Structure formats: C-alpha cells, structure tokens
Amino acid sequence: MDAELLELQRQLEAAQSARSSVRLSERNVVELVQKLQERGIIDFELLHTVSGKEYITSDHLKHEIKMEINKRGRASLVDLSDTLGVDLYHVERQSQKVVSDDLTLMLINGEIMSQSYWDSVTEEINEKLQERSQIALAEIAAQLHIGSELVINILEPRLGTIVKGRLEGGQLYTPAYVSRITAMVRGAARGITVPTNLPSVWNSLQQQLQEMHGASGVSVEGSFFQSIFNGLLKEGAVLGSVRAGGQWTPANSYIGYDVLQKLVIPQPKQYLEARYPDGIALDAVFVHHSVVGMLDAAVGDAIESGHWIDSLSVLPSYISGPDATKILSLCQSLQRAVKSSKAVVFGESCVFSSVFIKNIFDRLEKEMDSFGIKYSVGQGKPMNVNVGSEQRTGSGSDTKDLGDNDASSTGVLSDRGSKKKRGKGAGSNKGGALLKDDDNDESIPVKGKKGSDDVNGPLKLLSSHLRPMLVNSWMKKRNTMLSGNAERRRRLLDNLQKQLDEDVLVMQLYEKGLDVFEDDPATSGILHKHLLRSNEEELLHLSTADRSALAKNLPGALSQKAQALVDALEGKAFNKALQAPGRAVGAVITLLKDKLPDSTYKVLADYHGTTVKLLALQAAATDEEDCASDRMLEKKEDLEERLMPELKSLVLGTSKE
C-alpha cells in the first residue's frame with residue numbers, strides 16, 4: 001500500500017514538472033469555452049465573475065449564497081455580491097431561487113434572513129424585556145433597521161415561547177408587569193362607586209406609575225389600560241356597564257332587602273334569588289358570588305403570609321357580622337386551612353393563621369420571665385391576678401377579665417406590606433384603637449365599622465385563646481423548676497450526710513486510739529488538739545454553694561452569723577469584724593490572700609506573725625534576765641510603732657494605698 005502511494009506521488013510530481021507542448025492564452029480559453037457551449041458539450045449555465053477571469057456555475061453560486069446565510073443568519077444582497085465577486089443581477093436571481101426552495105428563509109428589502117437568526121434576536125429581546133419590564137416596538141425596529149410591521153410579524157408567533165411577554169399598543173410588557181397593571185385596573189374599577197369617565201381613571205393610573213418609578217419608569221398607554229379593563233369586564237371580575245364615550249357605571253355587588261321593600265317589592269329575598277340565580281342570599285343582604293371570591297383571595301393571602309384578617313375590612317360596609325360568618329363559610333381556602341389546622345376563626349369575622357398565633361405565643365413565652373410577676377407556690381397561680389374577677393374602667397360599667405387585661409401584650413400586628421387591610425377591628429371609625437407593634441414601637445390605627453361596640457374585639461378573642469396556653473406553659477416550667485430544685489437539695493443533703501457520717505466514723509476510730517494514752521494526760525491532750533485540727537480542715541472543705549445552703553437552713557440569728565462567716569471566707573464582707581479563735585486567724589488570712597491587695601495582705605500577715613512570735617516569747621520567758629526579754633521588747637516596739645499604725649489606717653480607710 002505504501003509503495004503504491006509513493007508511486008502515485010512520483011507520477012504526480014512528474015506530471016506537474018512536465019512542460020506543456022501547447023500554450024493557450026486567456027482569449028483562446030474563452031473562445032474554447034464558447035465553442036464547447038455551441039456544440040452542447042457544456043450544457044449548463046456559466047456566469048462570469050466581476051473580474052472576468054473566472055467562470056462560476058449557477059449551482060455553485062447558490063451553494064455559496066447558502067453558506068454565507070448559514071454563517072451570518074442575515075445577509076444583504078449587496079454584501080453577497082461583493083463577497084462572492086459576482087454581479088448583483090446574478091446574485092439577486094439566484095437568491096430568489098434559494099429563498100423559494102427553503103421556507104425558513106425570507107427575502108425582505110434586499111436582505112435574506114433565516115429563522116435561526118430571528119430566534120437568536122428574539123432571545124436577546126426577551127432578556128432585555130425581563131430587565132426593563134417594557135420595550136417599545138419602535139426601539140426594536142430602529143436597532144434592527146427593519147419596519148415595525150416586520151417586528152410584529154416576527155414577535156407574534158414567538159410570544160409565550162421564546163418571548164415571555166405581552167404585545168399591546170406598540171409596547172412589549174412582561175407577564176409580571178401585566179399582572180400588576182391588571183391588579184391596579186381591577187382595584188380602580190372596583191373602588192369606583194359613581195359613574196366615572198374611564199380616560200380620567202387611566203390618566204390617574206399613569207400619574208401614579210410615574211410617581212412610583214420616576215422619569216425612567218415604564219410608560220403605559222391608555223389603550224393598554226382599556227384593553228385590560230375590557231378583559232376584566234368580560235371575565236366578570238368587575239361588575240358594571242360601559243356607555244358611549246367611556247362612561248363607566250359600576251354595579252354594586254350587593255343589595256339590601258330593605259331597599260327592595262322601599263320599592264314595594266314583596267318577598268325581596270325570593271325575588272332576588274329568582275332574578276339572580278348566581279347570587280348568595282344572606283340574612284340582611286343579597287350579594288354577588290364575586291364577593292366570595294374576593295374575600296377568599298384575601299383570606300388565603302393572609303393565611304399563607306402568616307397574618308390575620310378581619311373579613312369586615314374586605315367586605316362592603318353594608319354586610320354585618322352574621323352575614324360575614326356565612327360568607328367566610330363559603331371560602332374554599334379557609335375551609336382547607338381550618339381542616340389542616342393552618343387557621344383559626346375567632347368570633348364572627350376574624351381569621352388568624354396558626355403561624356401568627358404561634359409566633360405571638362413564642363414571643364410571650366419568652367417574655368414571661370421578664371414580667372416580674374410573683375407567684376404563689378402553694379396555689380400555682382399568679383398572686384396579683386384574681387381569676388374571674390372584674391376590673392372596672394373609668395366610671396362606666398364595662399368589665400374585662402384577665403384575657404382582656406393587656407391587649408398590647410398579645411403582639412397583634414398589622415400587615416403593612418400588603419395592599420389589603422388586615423387586622424381591622426370592630427370599633428367606631430371616628431375613634432380607632434391603637435395596636436402596638438412590639439418590634440418597631442409604632443402605633444397602628446385600627447379602624448372599625450359603624451354599629452360595632454368593641455374596637456378591641458379581635459384582641460380579646462386572641463388573648464382568650466392564648467391565656468390557657470400560656471398558663472399551661474408556665475405551670476410546666478414551674479413544675480420542672482420545683483422538681484429540679486427538690487432533686488438538687490436532696491442530692492446536697494445526701495452528700496453532706498454521707499460526708500458527716502464518714503468524718504464521725506474517722507473521729508470515733510481515732511478516739512479509740514487515744515484511749516491508749518489515758519495514763520499520759522499531756523500526750524493525750526496534744527493528740528486531741530492535733531486530731532481536731534486535722535479533721536476540722538477536712539470537714540470544712542465545702543463549696544460556696546454548700547456553705548450558703550447550710551447557713552440558710554440554720555435557725556434565726558444563727559443563720560445570719562453563719563452567712564456572715566461564709567461571706568467573710570469568700571471575701572465579700574471585709575468591712576465587718578469577725579470573731580474567731582487565735583489559731584484560726586492565720587488560716588483566714590491565708591484564705592484571703594487572692595482576694596486582697598498585696599500591700600493589705602502583707603500588713604495583716606506581718607501583724608499576725610509578729611503577734612504570734614511575741615506570745616511565744618512571753619510563754620517561754622522565765623524570771624531570769626536573758627536575751628529573750630530583749631527580743632520581746634523589740635517585737636513590742638515593732639507592733640506599737642510600725643504595725644499598729646498601719647493596721648489602724650487600713651481599718652479606718654486612711655491608707656495611702
């Protein structure tokens with residue numbers, strides 16, 4: 001195989017190096033090609049290049065055009081003519097054939113564009129849209145140098161797939177922004193209670209958006225608001241009718257039976273049920289089914305976010321408590337939450353999430369130790385609380401029990417982050433009560449509805465629910481503390497009894513040994529003193545807590561003296577005199593070494609040492625004059641002239657130190 005390749009290489013080299021016997025000029029080549037075409041030997045079309053020195057077939061030109069389009073995605077015919085070196089006429093003719101053969105290509109305004117090019121372009125548009133929330137079609141057209149109609153034709157089939165947005169009124173919006181604008185339009189439409197011109201409403205919304213986002217904010221056309229409003233009206237999200245000129249006349253989602261009675265309509269409840277089968281008949285009012293959906297959304301949001309809500313703050317003011325209870329019973333989100341123990345309904349209209357109740361309970365449980373309430377160990381209840389007693393406020397006759405004592409301590413908060421009104425009480429609108437937020441120390445007004453008597457109703461209900469939980473928690477902690485203290489005292493007494501028994505046994509053992517020295521009183525006395533001295537040191541090796549516990553258990557004045565002794569040993573009562581045997585003074589001074597300044601300890605140690613030496617010399621002195629008397633005199637002078645003044649200044653607090 002290698003030999004054959006080498007042979008072919010030699011033949012090729014020989015052919016390339018051989019000189020041709022006949023030479024043709026360019027003119028001869030052109031004439032030769034023409035003769036071949038005339039005789040039909042070359043039966044395909046040949047095209048001249050711009051330079052005139054080359055021929056190119058139509059098929060090869062088409063192939064070159066396809067390769068350029070695949071490489072660029074978008075190519076101008078003029079650029080292709082320059083790149084391929086072929087006259088523009090031939091490029092245009094072959095380009096039309098290429099586009100007609102491939103449906104993924106389009107020829108517009110002298111440019112060939114592929115679908116892959118538009119896919120990549122729309123991906124870039126989508127990225128920019130998600131960053132800015134809105135893009136104008138005119139801006140896209142100017143950047144791509146194409147018409148706005150072509151931009152629309154390119155974007156529409158890709159909306160919802162590549163481009164995550166909505167095309168409306170020459171603007172491209174993100175779904176999140178559309179949802180936000182939809183919520184604004186729905187809220188504005190529901191908030192209108194009198195016939196209103198819609199363009200003025202859209203102008204107000206535009207002004208609100210500009211105030212929120214500034215000059216760089218997203219501009220929204222009035223047609224976009226109108227389009228969203230028409231969709232909401234068609235879906236039944238807003239109730240009412242639109243007249244010529246954009247006049248919006250809202251329809252109430254409720255009507256009272258007394259209104260129909262004034263119109264002399266007998267049996268108004270049956271009349272409304274027959275007229276509006278989708279409505280809901282309550283005790284005093286007939287409401288549209290959309291009211292349930294509105295309340296269901298608000299309640300579900302409050303439960304999921306871990307807050308609470310008063311349904312009366314969401315429902316129309318005409319609806320009272322019993323009717324609110326019935327509407328709440330129709331809310332699917334509340335039924336699921338109650339069934340799964342995620343929410344609790346208090347009273348007629350208040351819904352509290354279990355997360356909110358648990359957070360309040362945890363905070364109160366942590367703060368119980370800082371309340372400073374003294375408890376009666378015998379009864380197991382707070383001494384300053386009379387369960388079931390009534391406290392009168394002011395001169396009125398209104399009373400409240402423990403559950404209503406301190407509404408602010410329950411920590412009921414208002415959700416300031418949501419657009420819905422949560423935590424609305426049931427008091428008068430004129431004088432709303434204040435809920436105190438423990439985190440920010442801010443007073444949050446709680447407005448109520450007319451006809452309600454108690455603005456603190458939700459607080460009372462919550463406090464009544466939390467009170468037994470807190471009492472049970474406190475009782476558990478109290479029992480745990482008492483059992484722990486009893487166990488600790490039992491162990492302490494057991495250890496002390498064991499230590500005392502062991503020491504008594506040791507002393508009894510030594511006592512039997514001392515019986516041997518009954519005939520030698522002097523030796524027996526010395527051994528008795530040594531026995532007491534050595535054993536009392538071991539006996540007194542107790543911790544501070546053990547000493548304090550023993551001192552407190554002693555009766556009357558003896559307990560106080562014992563506690564003073566413990567304080568003195570621990571260096572806590574240096575300003576009090578302590579009576580102790582002379583032989584114990586040295587041990588006390590040594591024990592206080594680490595708790596006294598070095599100068600103070602040196603004065604006490606020198607005074608004690610000199611005194612002991614003086615007493616020893618006096619005990620050993622005889623009637624005869626010797627050098628011992630000189631040493632005693634020297635020690636006395638040292639005591640009186642140096643050590644005594646230093647000790648007095650130390651006691652009186654006049655030391656220079």
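This report walks through a predicted model, from its overall make-up to a few sheets, a helix and some salt bridges.

## The protein as a whole

Let's start with the broad numbers. The chain elements come to 24 helices and 23 strands. Of the 657 residues in the protein, 32% are buried. If you look at contacts with a separation of 6 or more, 57% of them join residues that are 24 or more positions apart.

As for the outside, the accessible surface is about 42200 Å², and carbon and sulfur atoms account for 53% of that.

## A three-stranded sheet and the helix across it

Now for a sheet that is easy to trace. Three strands make up an open sheet in the order β3-β5-β4, and the pairing is antiparallel. The edge positions go to β3 (74-76) and β4 (105-108); each of these has a single partner strand, so one side of each has no neighbour in the sheet. From one strand to the next, the twist averages 20°.

Zooming in on one pairing, β4 and β5 (residues 111-114) run antiparallel to each other and share four bridges. M106 has M113 in β5 as its bridge partner. Helix α4 (residues 77-84) lies across β3, β4 and β5, and it runs at about 80° to β3.

## Helix α8 and its two sides

Helix α8 (residues 148-155) is a good one to look at end-on. Its residues L150, V151, I154 and L155 are buried. Viewed down the axis of α8, the buried residues sit within an arc of 130°, so they line one face of the helix. E149 and N153, on the other side of α8, are exposed.

What do the buried residues of α8 pack against? Their partners are strand β4, helices α6 (115-132) and α7 (137-144), and strand β8 (171-173). Strand β4 thus turns up again here: it is an edge strand of the open sheet, and it also takes part in the packing of α8.

## Strand β17, covered on both faces

Further along the chain, β17 (residues 350-353) is covered on both faces. C350 and F352 are buried on one side, while V351 and S353 are buried on the other.

Strand β17 also has partners to go with that cover. With β15 (residues 308-310) it pairs in the antiparallel sense over three bridges, and W308 stands opposite F352 of β17. With β16 (residues 343-346) the pairing is antiparallel too, over four bridges; here F346 stands opposite C350. So both residues named on that one buried side, C350 and F352, have a residue standing opposite them in a neighbouring strand. Strands β16 and β17 form a hairpin with three residues between the strands, and in that hairpin G347 takes a positive phi near 65°.

## Salt bridges

The structure holds 14 salt bridges. Side chains of opposite charge can pair when their charged atoms come close. One of the salt bridges joins R10 and E7, at 2.6 Å from N to O. These two are three residues apart in helix α1 (residues 2-17), which puts about one helical turn between them. R10 is partly exposed, at 49% relative accessible area, and E7 is partly exposed as well, at 34%.

R132 and E139 make another salt bridge, with their closest N and O atoms 2.9 Å apart. Here R132 counts as partly exposed at 36% relative accessibility, and E139 is partly exposed with a relative accessible area of 28%.

## A charged network in α18

Over in helix α18 (residues 457-514), R491 and E487 lie four residues apart, about one turn of the helix. Their side chains meet in a salt bridge, with 3.6 Å from N to O. Are these two residues buried, exposed or partly exposed? R491 counts as partly exposed at 42% relative accessibility, and E487 counts as partly exposed at 31%.

The pair doesn't stand alone, either. E487, R490, R491 and D494 are linked in a network of salt bridges.

Methods:
Residues numbered from 1 in each chain as written. Predicted model: local features only at pLDDT ≥ 70, side-chain atom pairs only at ≥ 80, totals over all residues. Heavy atoms only, no water. Pairing = 2+ DSSP bridges. Axes fitted to C-alpha atoms, helices over the stretch in contact; angles between N-to-C directions. Contact = heavy atoms within 4.5 Å. Buried < 20%, exposed > 50% of the residue type's maximum accessible area, 1.4 Å probe, protein only. Arc of directions from axis to C-beta. Areas by Shrake-Rupley, 256 points an atom, 1.4 Å probe, with all protein chains shown as cover. Salt bridge = Lys/Arg side-chain N within 4 Å of Asp/Glu carboxyl O.
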